[in-house]
Amino acid sequence: MATSTLIIGGTAAYGLDLSPWGPVDEPFILQTPYGPSPPITLLQPDPDYPPVGFCSRHGREALKRSAAFLNHRAIIWGAKMLGVRTIFSWNGVGAIHERLEVGDLIVPADLIDFTRTRITTFGHPDLPPASGPPFHPDARGAILRSLPEPHSPIPDPVYVCTEGPRLETVAEIALYRRAGAHIVGMTLSPEVFLAQEAGIRYASLCYVTNYATGRDLGRPPRRQFGPEVARTCLPILLRAALNTEY
Ligand code: HPA
């Protein structure tokens, strides 16, 4: 089994009915040195293109496992075992920047890591430490070209990753804002750094699911964690995978 692209689903990927996107055979689990990968399904929505791998980062039964408890190394090593060269993922995020609204799609250009307990390296003697931009410019470009409206209210969005599973305090979000972060989530570290170490290009599509703590700014509170998130993000990332020209 081999595929050059893996899509890692975040918010609402659990329990997603994949039948509209041409699943090939049953999902399979890879045994990695770090434990089993999540179930991976090959999707082939267009027979003229090779299949694309898909897995749900949080597993398949609702959001039982928060990002702090995910086996990030098993996911990324599993991708390496499949021969994956590019990972596209989607992630729910809270909006810190005032121009962002619930439902906006953001392709982050950089990341600030405020996690505390996660293992951010394979520690493998043959793998050089991660360096350079965490989000690969070409992979980012492929997602940007696949967006329904190629518009971002922020030119180079910065994602801050927090430890969770608790939500941030008002003071923490104010700190991250002053540090230059536009969106906040709990999932991209260490996923992106492990991918970099494994030599896999990585880019993410962030769906604004809520205003970050204290950042509703008088707007009616809105939360979008439902299947809409997956139904929006998966087709965009499949397009990015199928139209990747690099
Ligand atoms: N904070 C952290 N992670 C998140 C949020 C948030 O507001 N929304 C979605 N993931």
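**Fold, ligand shell and two buried side chains**

Of the 246 residues in the chain, 54% are buried (under 20% relative accessible area, with over 50% called exposed and values in between partly exposed; 1.4 Å probe, protein chains only). The model is predicted: local features require pLDDT of at least 70, side-chain atom pairs count only at pLDDT 80 or more, and totals for chains, interfaces and linings use all residues. Residues are numbered from 1 along each chain as its sequence is written, and side-chain values use heavy atoms, without hydrogens and water.

The chain contains five helices and 12 strands (DSSP runs numbered from the N terminus; helices are H or I of at least four residues, strands E of at least two). Its C-alpha trace spans about 50 × 40 × 35 Å along the principal axes. The radius of gyration is 17 Å, which agrees with the value near 18 Å for a compact globule of 246 residues. That radius is taken over C-alpha atoms, and the globule rule is 2.2 Å times the number of residues to the power 0.38. Among contacts with a separation of 6 or more, 81% link residues 24 or more positions apart; contact means heavy atoms within 4.5 Å. The exposed surface of the chain is about 11100 Å², of which carbon and sulfur atoms supply 53% (Shrake-Rupley method, 1.4 Å probe; for residues, only the protein chains shown count as cover).

The ligand is surrounded by Gly92, Val93, Gly94, Leu167, Glu168, Val184, Gly185, Met186, Thr209 and Asn210. Each has a heavy atom within 4 Å of the ligand. Four of these shell residues are nonpolar, five are polar and one is charged. Here Ala, Val, Leu, Ile, Met, Phe, Trp, Tyr, Cys and Pro count as nonpolar, Asp, Glu, Lys and Arg as charged, and the others, Gly among them, as polar. Strands E7 (86–95), E11 (183–185) and E12 (201–211) each supply at least two shell residues. E7 gives the largest share, three residues.

Polar contacts to the ligand were then examined (pairs of N or O atoms within 3.5 Å; within protein, one must be able to donate a hydrogen and the other to accept it, and residues adjacent in sequence count only if both atoms are side-chain atoms). A ligand nitrogen lies 3.3 Å from a polar backbone atom of glycine 92. A nitrogen of the ligand is also 2.8 Å from a side-chain N or O atom of glutamate 168. For the side chain of asparagine 210, the corresponding distance from a ligand nitrogen is 2.7 Å. The protein covers 91% of the 260 Å² of accessible area that the ligand has on its own.

Helix H2 spans residues 137–146, and its buried residues are Ala139, Arg140, Gly141, Ala142, Ile143 and Ser146. Their cover includes E7, E12 and helix H5 (227–242).

Glutamate 197 belongs to helix H4 (residues 188–197). Its relative accessibility is 5%, so glutamate 197 counts as buried. Leaving aside residues up to four places away in sequence, glutamate 197 touches Thr120, Thr121, Phe122, Gly123, Leu127, Pro128, Pro129 and Ala130. Its side chain forms a polar contact of 2.8 Å with that of threonine 121. The glutamate 197 side chain also reaches the backbone nitrogen of phenylalanine 122 at 2.7 Å.

Tyrosine 14 sits in the loop between strands E1 (5–9) and E2 (23–28). Tyrosine 14 counts as buried because its relative accessibility is 16%. Its side chain reaches the backbone nitrogen of alanine 12 at 3.1 Å. Tyrosine 14 and serine 56 are 42 residues apart in sequence, yet 5.9 Å apart in space, C-alpha to C-alpha.
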